[in-house]
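The exercises below are to be worked with the sequence and the model open side by side. Each task is followed by its solution in steps.

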Amino acid sequence: MKKKVLSIVLTIMTLTVLLTGCGKTKDKETTDTKTSSNKVTDTPSTDGKDPAQTEEANIDISEPVTLTWFLNGNSVSDDKAVLEKANEYLKEKLNVTLKPIWGTWGNFEDNVVLSISGGDDVDIYFTSSWTQNEYNKYAKDGAWLRLDREDNNLIEKYAPDAWNMLPDILKNSAKVPGSDGEGVYALPGFKDYATQNCWDVNVTLLEKYGYTIDDIRNTDYYGFEEILKKVKEGEGKDFYPLLVEGMVLERMVNNSIMVTGDSQACNMLSYYINPTDVSKEGSYGNKIFGKFETPEYKKFVEKTREYYLAGYIDPQMAIADQANDARTAAQDAGKYLIGTQSYSLGYETQASARRGIEVQMVPCTPAYVDTTASQGAMMAISATSKNPERALMFLNLLNTDPELMTLLNFGIEGTHYEVVNGGEVKFITEARGTYQPWTNGMGNVTILPPQEGQGLNFYDTFKEYYASATAIPINGFVFDQSNVETEMAALANVGGEYALALNTGAIDPATKLPEFIQKLKDNGIDKVVDEAGTQLEKFLEEKNK
């Protein structure tokens with residue numbers, strides 16, 4: 001039934017002709033998810049307050065402050081005009097000047113870790129469950145400032161409106177064991193907080209070769225061969241029809257998911273979900289595995305190797321520091337047939353407009369709620385920030401003020417976009433090309449205007465859709481690496497050597513997969529799996545009491 005509902009929603013959003021994306025306390029998470037249907041019926045909480053009415057404390061903002069803000073996933077080469085306007089606005093509101101660091105998909109991971117370890121003068125960091133500066137670990141390590149101390153609740157003082165606008169599940173996901181006790185160490189972004197991986201299909205090209213979207217829906221990864229072959233032959237040797245993000249591809253094919261807390265060079269651990277009813281146990285039950293030893297993984301890398309050798313996968317997808325930029329460029333040029341996509345409701349409309357093709361999504365599973373997604377985009381105040389109060393005031397304003405959020409996300413009206421259809425945003429291609437922040441990585445997307453084709457009520461649909469998503473059985477679980485940190489560091493190096501290359505077909509699994517597995521064993525993968533399994537058993541015992 002859920003799959004049918006999802007299909008209907010995706011179809012409606014396609015026809016109306018979008019939005020991109022990809023440590024909870026156990027007692028509160030159980031409250032969110034422990035119902036007979038396992039639905040997360042979640043609505044934003046206002047705690048009896050009107051989010052539009054900020055209670056102004058007696059805060060001295062007479063001294064001007066510059067805030068450095070480290071973001072992820074952006075394509076920004078010219079921010080001068082936007083920052084001039086934004087800083088004029090922020091000067092009036094908060095006496096703040098904003099200095100963003102526009103981390104990209106390609107450089108964020110390495111640079112953010114160096115920035116934090118080097119004690120850089122940064123006030124606000126993007127963090128999440130899946131980046132190298134992983135929220136839970138860095139909260140424990142003392143990198144983030146706790147925001148809700150009982151004796152000094154910074155959220156209540158400086159960001160009550162932004163906090164009160166969040167759904168309860170995002171609030172609860174932010175509460176983790178950290179260096180300063182259990183509490184909130186980052187402000188979650190109100191974005192898509194359920195996970196859904198989909199095939200991103202260039203329908204324009206698909207139909208050119210006599211196929212329809214049903215030809216994708218009615219098969220799976222192992223049945224793409226005929227279609228890929230025909231399109232490859234027609235488009236030429238420099239065209240790669242299968243556009244993949246290696247780690248996402250594996251999860252899509254095998255219905256495996258990331259285990260929150262396991263964010264190394266690749267994910268060592270995995271949990272297998274039920275692809276038809278995500279509230280039920282998957283093929284391995286409620287167990288955590290080292291997925292690289294499973295028969296599913298072996299079958300996947302063998303087929304991927306076939307596709308790679310046939311010329312269906314761009315070799316750049318196997319090169320860590322090139323893959324994301326190359327994939328984004330191919331997407332934006334519409335130079336692909338089937339891609340991997342961590343979906344956000346309405347994505348296909350936005351993608352179609354930007355790429356100049358018809359884009360449709362084919363889901364691999366229903367949307368599901370897990371800890372990884374609900375900690376998917378957050379803003380932490382650095383423990384070394386000299387102005388944490390003003391930084392939190394800025395985040396409060398950003399997440400509640402549509403004018404500021406729209407300016408920083410979409411740029412300047414008349415320069416970067418125009419307003420059409422009574423309130424929708426239509427981007428001006430040339431200007432958007434030089435100023436394109438990652439919207440889902442910035443904050444509360446629900447106060448943005450809809451984009452062209454989404455419809456004026458899009459964000460009402462957006463909130464309803466994510467509030468009704470189904471929780472997986474281990475939702476709320478976070479792996480604590482503390483007892484196996486040495487092993488995890490060693491395994492990260494091994495994973496970095498093999499996993500991406502295997503997942504994109506660049507190396508031969510006949511020889512390299514056994515070699516990879518042996519190196520994992522030599523560096524402690526069995527100990528890590530056992531530790532994760534023990535933690536999960538305890539978590540489920542507590543959750544099911």
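**Exercise 1. Examine the end of α14 and the burial of its residues.**

Step 1. Gly334 follows α14 and has a positive phi, near 65°. Helices (H or I, at least four residues) and strands (E, at least two) are DSSP runs, numbered from the N terminus.

Step 2. Helix α14 spans residues 320-332, and its buried residues are Ala323, Ala326, Arg327, Ala330 and Gln331. Seen down the axis of α14, these residues fall within an arc of 130°, so they line one face of the helix. The arc is that of the directions from the helix axis to the C-beta atoms. Buried means under 20% relative accessible area, exposed over 50%, partly exposed in between (1.4 Å probe, protein chains only).

Step 3. The cover over the buried residues of α14 includes β8 (197-202), β9 (242-243), β12 (338-342) and α15 (347-355). Contact means heavy atoms within 4.5 Å.

**Exercise 2. State how reliable the model is.**

Step 1. This is a predicted model, in which local features need pLDDT of at least 70 and side-chain atom pairs count only at pLDDT 80 or more, while totals for chains, interfaces and linings use all residues. Residues are numbered from 1 along each chain as its sequence is written, and side-chain values use heavy atoms, with hydrogens and water left out.

Step 2. The average pLDDT of the protein chain is 89, and 89% of the residues score at least 70. pLDDT is the predictor's confidence in each residue, from 0 to 100.

Step 3. Over residues 1-56 pLDDT stays under 50; the model has 154 contacts beyond four places in sequence for them.

**Exercise 3. Which strands stand at the edges of the sheet β9-β12-β8-β13?**

Step 1. The order β9-β12-β8-β13 describes an open sheet of four strands with mixed pairing. β9 and β13 (359-363) stand at the edges, each with a single partner strand, so one side of each is left without a neighbour in the sheet. Two strands pair if DSSP finds at least two bridges between them.

Step 2. β9 and β12 run parallel and are joined by two bridges. Leu242 stands opposite Ile338 in β12.

Step 3. Helix α12 (residues 246-254) lies across β8 and β12, running at about 110° to β8. Axes are lines fitted to C-alpha atoms, for helices over the stretch in contact, and angles run from 0 to 180 degrees between N-to-C directions.

Step 4. Asn255 sits in the loop between α12 and β10 (256-257). Its phi is positive, about 60°, although Asn255 is not a glycine. Asn255 is buried, with a relative accessible area of 16%.

**Exercise 4. Describe the five-stranded sheet and the helices on it.**

Step 1. Five strands form an open sheet in the order β3-β1-β4-β15-β7, and the pairing is mixed. At the edges stand β3 (96-102) and β7 (187-188), each with a single partner strand, so one side of each has no neighbour in the sheet.

Step 2. β1 (residues 65-71) runs parallel to β4 (residues 124-127), and two bridges join them. Trp69 has Ile124 in β4 as its bridge partner.

Step 3. Helix α4 (residues 108-117) packs on this sheet and touches β1 and β4; its direction makes about 140° with that of β1. Helix α17 (residues 388-398) lies across β1, β3, β4, β7 and β15 (378-381), at about 65° to β1.
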